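Below are some comments on the model, set out as numbered points for checking against the coordinates.

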Amino acid sequence: MLFDVVTIFPGFFDSPLATGLLGRAGERGLVTVRCHDLRAWTHDRHRTVDDAPFGGGAGMVMLPGPWFEALDALAGERGVPGPPHVVLLAPDGTRFDQAAAARLARMPRVVLCCGRYEGVDERVRTRVDEVLSIGDYVLAGGETAALAVVDAVARLVPGVMGNAASAGEESFATPGGARLLEYPQYTRPASYRGLDVPAVLRSGDHGAIARWRRAQAAERTRRARPDLLARAEPAGSEPPDPAGPGRS
Ligand code: JD8
């Protein structure tokens with residue numbers, strides 16, 4: 001999969017793209033992320049990308065010219081999958097969620113447009129396929145959102161994660177994309193500063209462990225994210241426990 005990120009801060013992405021799962025995915029050629037400086041598509045001495053808003057108001061708006069030229073150049077590139085799916089990150093976009101991540105992961109090439117200042121001239125939107133927002137808070141620009149999109153999508157690209165991990169992912173997914181929150185995790189030592197690992201996790205009773213984890217996940221979700229539980233599968237629709245029915 002190929003991402004083309006267009007930004008006035010291409011260096012913003014250097015460390016995250018070189019680190020962890022994304023770094024490895026890049027090395028293995030499974031996910032390529034190219035970061036382009038929007039100013040490459042300016043023509044004036046000062047490489048201007050913004051100007052004052054028509055109608056007045058605070059701040060600056062990004063010029064349509066560099067964006068149109070950038071998108072023309074990227075869409076017209078030879079030797080790469082095309083035409084690309086063009087995404088603008090903006091606070092007024094539709095919510096980027098796990099279902100949107102899965103949808104983008106099936107696309108061979110995605111262009112991510114990162115605005116700054118007060119955003120892009122409205123006419124840029126005539127050149128994008130969709131507008132996405134990562135959540136209801138105000139960021140200084142689209143770069144942080146683009147990085148979240150690359151991270152969430154890349155781990156769904158076949159081969160990026162181990163098979164066991166991706167299979168576990170599927171078992172939690174529901175048709176609407178809603179998920180339960182994760183159950184609590186523990187590792188050694190079994191007792192740390194008087195805090196004990198729940199006995200059921202050390203019992204060896206895999207049926208009891210699975211039931212405990214489901215109950216914990218449901219309870220956490222009810223407390224922190226009741227909106228997710230409303231969309232999750234009704235109780236009793238879990239897949240059969242491979243360990244079979246437990247005692248009691
Ligand atoms: C792009 C400029 C900042 C936006 C004035 C200063 C996404 N979930 C999200 N929150 N915020 C953004 C986002 C913010 C952006 C830009 C994305 C470009 N800004 C502006 C308008 C109001 N501030 C985002 N995705």
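1. Which residue in S6 is the bridge partner of His 85? In this predicted model, the partner of His 85 in S6 is Val 110. That bridge can be read together with the pairing of the two strands, since S5 (residues 85–95) and S6 (residues 109–114) run in the parallel sense and are joined over five bridges.

2. The wider setting of that pair is an open sheet of five strands, paired in parallel and ordered S2-S1-S6-S5-S7. Strand S2 (32–37) and strand S7 (130–133) are the edge strands, and each has a single partner strand, so one side of each is left without a neighbour in the sheet. Averaged over the sheet and with direction ignored, neighbouring strands are turned by 30° against each other.

3. Two helices deserve a look alongside the sheet. Helix H4 (residues 98–105) packs on the sheet and touches S5, S6 and S7, its direction making about 135° with that of S7. Helix H5 (residues 143–154) lies across strand S1 (2–7), S2, S5 and S6, and runs at about 160° to S6.

4. Turning to the ligand, how many residues surround it, and which come nearest? There are 17 residues around the ligand, and those that come nearest are Tyr 117, Ser 133, Gly 135, Tyr 137 and Leu 139. By class, this shell consists of 10 nonpolar, five polar and two charged residues. S5 and S7 each supply at least two residues of the shell, and the largest share, three residues, comes from S5.

5. The polar atoms facing the ligand can be checked one at a time. An N or O atom in the side chain of Ser 133 is 3.1 Å from a nitrogen atom of the ligand, and a polar backbone atom of Leu 139 is likewise 3.1 Å from a ligand nitrogen atom. For Leu 132, a backbone N or O atom lies 3.5 Å from a nitrogen atom of the ligand. On its own the ligand has 540 Å² of accessible area, of which the protein covers 83%.

6. Ile 134 lies in the loop between S7 and H5, and its contacts are worth following through the chain. Leaving aside residues up to four places away in sequence, Ile 134 touches Arg 95, Phe 96, Leu 139, Ala 145, Ala 148 and Val 149; among these, Leu 139 is also one of the residues that come nearest to the ligand. The C-alpha atoms of Ile 134 and Leu 89 are separated by 8.1 Å, although the two residues are 45 residues apart along the chain.

7. Some backbone geometry should be inspected against a general expectation: most residues other than glycine have a negative phi, and most peptide bonds are trans. The peptide bond from Gly 82 to Pro 83 is cis, with omega near -5°, and Pro 83 is placed in the loop between helix H3 (64–75) and S5. A cis peptide bond also joins Arg 188 and Pro 189, where omega is about 0°; Pro 189 is found in the loop between helix H6 (163–172) and strand S8 (191–192). Arg 47, which is not a glycine, has a positive phi of about 55°, and its place is in the loop between S2 and strand S3 (50–51).

Technical notes
Residues are numbered from 1 along each chain as its sequence is written. This is a predicted model: local features need pLDDT of at least 70, side-chain atom pairs count only at pLDDT 80 or more; totals for chains, interfaces and linings use all residues. Side-chain values use heavy atoms; hydrogens and water are left out. Two strands pair if DSSP finds at least two bridges between them. Helices (H or I, at least four residues) and strands (E, at least two) are DSSP runs, numbered from the N terminus. Axes are lines fitted to C-alpha atoms, for helices over the stretch in contact, and angles run from 0 to 180 degrees between N-to-C directions. Contact means heavy atoms within 4.5 Å. A residue is near a molecule or strand if one of its heavy atoms lies within 4 Å of it. A polar contact is a pair of N or O atoms within 3.5 Å; within protein, one must be able to donate a hydrogen and the other to accept it, and residues adjacent in sequence count only if both atoms are side-chain atoms. Accessible areas come from the Shrake-Rupley method with a 1.4 Å probe; for residues, only the protein chains shown count as cover. Ala, Val, Leu, Ile, Met, Phe, Trp, Tyr, Cys and Pro count as nonpolar, Asp, Glu, Lys and Arg as charged, and the others, Gly among them, as polar.
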